[in-house]
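Subject: A structure for you to look at

Hi,

Here is the structure I promised to pass on to you. Please open it beside this email, so that you can find each residue as you read.

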Amino acid sequence: MPPLPPPPPFIPPHQKQFKQSPLHQIVLSKQALSQQTLTPEVLDNSKSRSTEQPILKEPRRTNPIIWCGAILCMIFSLFLIFFGIATLVLFLDVKPRIPVFDTPAATLNVIYFNSPDFLNGDVIFLANFSNPNRKLNVKYEYLDIELFFSETLIAAQALQSFSQNPGETRLMSVHLISSLVHLPPNIVLELQKQVQRNRVAYDLRGTFRVKVKLGNFHYSYWLHGRCKLEMTSPPTGALITHSCRTKR
């Protein structure tokens with residue numbers, strides 16, 4: 001039997017714990033070397049950053065064109081505010097109202113047919129134009145009156161222009177003549193029935209171009225008058241009822 005090999009030498013535990021491999025020593029030496037070489041650069045950079053001062057740019061001067069534009073905008077805004085206040089004060093003081101159109105009287109003289117479909121008629125009514133404003137003058141530049149039966153135009157008349165002072169009322173006699181106006185058969189039948197019942201209904205429509213004046217200030221607008229009339233049969237047809245309204 002051969003002899004047993006000798007046992008390995010005994011190494012204390014504290015010597016195994018502190019024993020380092022050559023590779024580990026090389027890595028540690030490289031890290032220490034890099035720390036020694038980088039430390040001066042880092043210190044130099046920190047010193048240079050601490051010594052640097054912030055550079056302040058000089059403020060730019062505002063362009064004169066911008067200043068001029070801002071001044072003009074401010075002046076225009078003040079003008080608008082002043083104009084709005086003046087308009088409001090003027091409106092509250094003057095309190096403008098639209099003129100009023102009415103028909104207080106009317107006469108139906110003639111209704112007859114030359115043939116079954118052609119109407120001839122004669123109507124006279126009294127037109128009342130009122131200016132309810134206390135400080136505004138009114139001028140009627142264009143006046144047109146139309147007479148309708150059952151939504152069919154049967155007569156029309158243009159009137160001469162005129163002016164009205166504040167609070168003034170003007171009465172005008174308007175003569176409307178229907179001459180050979182063609183009507184559909186159903187409209188003819190309806191008109192004949194109303195004549196027999198002694199109640200003939202008409203629609204009177206007025207279209208006016210009105211100019212309102214206050215000193216040198218003036219403005220114009222369109223005005224529309226609508227009246228519904230009921231009259232007795234001709235030849236002495238008189239106004240029974242009427243309702244009128246005027247709007248812009």
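Below is what turned up about its aromatic rings.

Before you start, please keep in mind that this is a predicted model.

A search of the whole structure finds 10 aromatic pairs. A good one to begin with is Tyr140 with Phe162, which are stacked: their ring centres are 4.7 Å apart, with 25° between the planes. Tyr140 belongs to strand 3 (residues 137-149) and Phe162 to strand 5 (residues 162-164), so this pair ties together parts that are 22 residues apart in sequence.

Now stay with Tyr140 and turn to Phe208. Here the ring centres lie 6.1 Å apart and the planes stand at 90°, so the pair is edge-to-face. Phe208 sits in strand 7 (residues 200-214), and the pair links distant parts of the chain, 68 residues apart.

Are these rings buried or exposed? Both Tyr140 and Phe162 are buried. For Tyr140 the relative accessible area is 0%, and buried means under 20%, so Tyr140 counts as buried. Phe208 is buried too, again with a relative accessible area of 0%.

These three residues are part of one aromatic cluster, which is formed by Phe101, Phe129, Tyr140, Phe162 and Phe208.

Two other rings are worth finding, each with an arginine over it. The charged end of Arg205 sits over the ring of Phe148, at 4.1 Å from the ring's centre. Over the face of Tyr221 you will find Arg248, 4.1 Å from the ring centre.

Enjoy exploring, and write back with any questions!

Best wishes

Conventions
Residues numbered from 1 in each chain as written. Predicted model: local features only at pLDDT ≥ 70, side-chain atom pairs only at ≥ 80, totals over all residues. Heavy atoms only, no water. Phe/Tyr/Trp six-rings, centres within 6.5 Å; stacked < 30°, edge-to-face > 60°. Helix = DSSP H or I, 4+ residues; strand = E, 2+ residues; numbered from the N terminus. Buried < 20%, exposed > 50% of the residue type's maximum accessible area, 1.4 Å probe, protein only. Lys NZ or Arg CZ within 6 Å of the ring centre and 35° of its normal.
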